[in-house]
Amino acid sequence: IAGHNARKLSRAEAEFRAALRIVPDFAVAHYNLGVMLLQGEQEEEGVQELKRYLAGNPVGRDARLARRYVVQPKLARAALAPEFHFVSARGEHVSLESLSGKLVLLDFWATWCEPCRDAIPDLRKLNAAIGDLRFRLVSISVDKDEAKWRDFIQTGKMDWVQGRDGHGEVALAFGVNVFPTYILLDGDGLIQLHVVGGGPGRVAQLKGEIERVLKEMSALPPGRMLPSRD
């Protein structure tokens, strides 16, 4: 909630520390204090707080993210994608974790959205053209009618990963309320690009960004991450 407001962040830090004086094993306080310290570039102390959280909560709700922050503290200051999951049209369990290490283009769309429908042939060509095992195209529909959605993706030969977000939970997590919206995630789950709206040339623009990030991923030494871009 504090965002980048220094005064509010200072108050929040004081509250977390006060809570931990009263209840030293208060897991949520350790986690939030650790993340806050990492965001303020106090990496050594922040990592120690996250390790305290993990010591008592090795399988807690935030354990996976805490481990990532411990290994790569700078992730706490980056545009990290929210956790999400869904079952694809083919019955695959898809989540941020399952896509780890892949460059992922999320396509938020709907069958009733004309620009979304217009983009399908170009997305099909894009998926075929990239030809890189590190890339995944993932379309997430907000259609409520499952039968209509399934019929549409079959008729449209949308043979890449297809998910249906009928209650809008995944779209809400990413702050998506306009369709189509395209979000590009790198192998660390960092948001490299967030583009709202379709139209002529949009998929070609996405293709250029995908190729750029794939090239940068190939050039990075182990353990390094890409800067995020909007």
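Leaving aside its neighbours within four places in sequence, which residues is Val-104 in contact with? The list runs Leu-99, Arg-136, Val-138, Ile-183, Leu-184 and Leu-185. Keep those names in mind, since several of them come back below. One caveat before we go on: what you have on screen is a predicted model.

Let's step back and look at the whole chain. The protein chain has 230 residues, and 45% of them are buried. Its secondary structure comes to 8 helices and 7 strands, and the C-alpha trace spans about 60 × 40 × 30 Å along its principal axes. If you take the contacts with a separation of 6 or more, 59% of them are between residues 24 or more positions apart. On the outside, the accessible surface comes to about 12500 Å², and carbon and sulfur atoms hold 53% of that. As for charge, there are 31 positive and 30 negative side chains, and the centres of these two sets lie 2 Å apart.

Now back to Val-104. This residue sits in strand E3. Its relative accessible area is 2%, and because buried means anything under 20%, Val-104 counts as buried. Computed along the sequence, Ile-191 is 87 residues away from Val-104, yet in space their C-alpha atoms are 9.6 Å apart.

To see how E3 fits in, go to strand E6, residues 181–185. E3, which covers residues 103–109, runs antiparallel to E6, and 5 bridges join the two. One pair to pick out on screen is Leu-106, which stands opposite Ile-183 in E6. That same Ile-183 is also one of the contacts of Val-104.

E6 has a partner in strand E7 too, residues 191–196, again antiparallel and again with 5 bridges. Here Thr-181 has Val-196 in E7 as its bridge partner. The hairpin of E6 and E7 has 5 residues between the strands, and in it Gly-189 takes a positive phi near 80°.

How many of the residues in E6 are buried? The count is 5 of 5, so to speak a mostly covered strand. In a regular strand, side chains alternate between the two faces of the sheet. You can follow that pattern here: Thr-181, Ile-183 and Leu-185 point one way, Tyr-182 and Leu-184 point the other way, and all of them are buried.

Just ahead of E6, check the backbone. Phe-179 and Pro-180 are joined by a cis peptide bond, with omega at about -5°. Pro-180 belongs to the loop between helix H7 (169–173) and E6.

Two other names on the contact list of Val-104, Arg-136 and Val-138, lead us to another strand pair. Strand E4 covers residues 135–141 and strand E5 covers residues 161–164; they run parallel, with 4 bridges between them. Val-138 stands opposite Val-161 in E5. On the way from E4 to E5 the chain passes through helix H6 (residues 146–155), and this β-α-β crossover is right-handed.

After H6, pause at Lys-157, which lies in the loop between H6 and E5. Lys-157 is not a glycine, but it has a positive phi of about 50°. Is this residue buried or exposed? It is exposed, with a relative accessible area of 62%.

Glu-41 makes a similar stop elsewhere in the chain: its phi is positive, about 65°, although it is not a glycine. You'll find Glu-41 in the loop between helix H2 (27–39) and helix H3 (43–56). At 60% relative accessibility, Glu-41 counts as exposed.

Carry on into H3 and you reach another glutamate, Glu-49. Where does it stand on accessibility, buried or exposed? Glu-49 is at 6% relative accessibility and therefore counts as buried. What surrounds it? Leaving aside neighbours within four places in sequence, Glu-49 is in contact with Leu-20, His-30, Leu-33, Gly-34 and Leu-37. Asn-32 is 17 residues from Glu-49 along the chain, and their C-alpha atoms are separated by 8.7 Å.

Technical notes. Residues numbered from 1 in each chain as written. Predicted model: local features only at pLDDT ≥ 70, side-chain atom pairs only at ≥ 80, totals over all residues. Heavy atoms only, no water. Buried < 20%, exposed > 50% of the residue type's maximum accessible area, 1.4 Å probe, protein only. Contact = heavy atoms within 4.5 Å. Areas by Shrake-Rupley, 256 points an atom, 1.4 Å probe, with all protein chains shown as cover. Lys, Arg positive; Asp, Glu negative; His and termini not counted. Charge placed at Lys NZ, Arg CZ, Asp CG, Glu CD. Pairing = 2+ DSSP bridges. Right-handed = clockwise from strand over helix to strand, strands pointing away.
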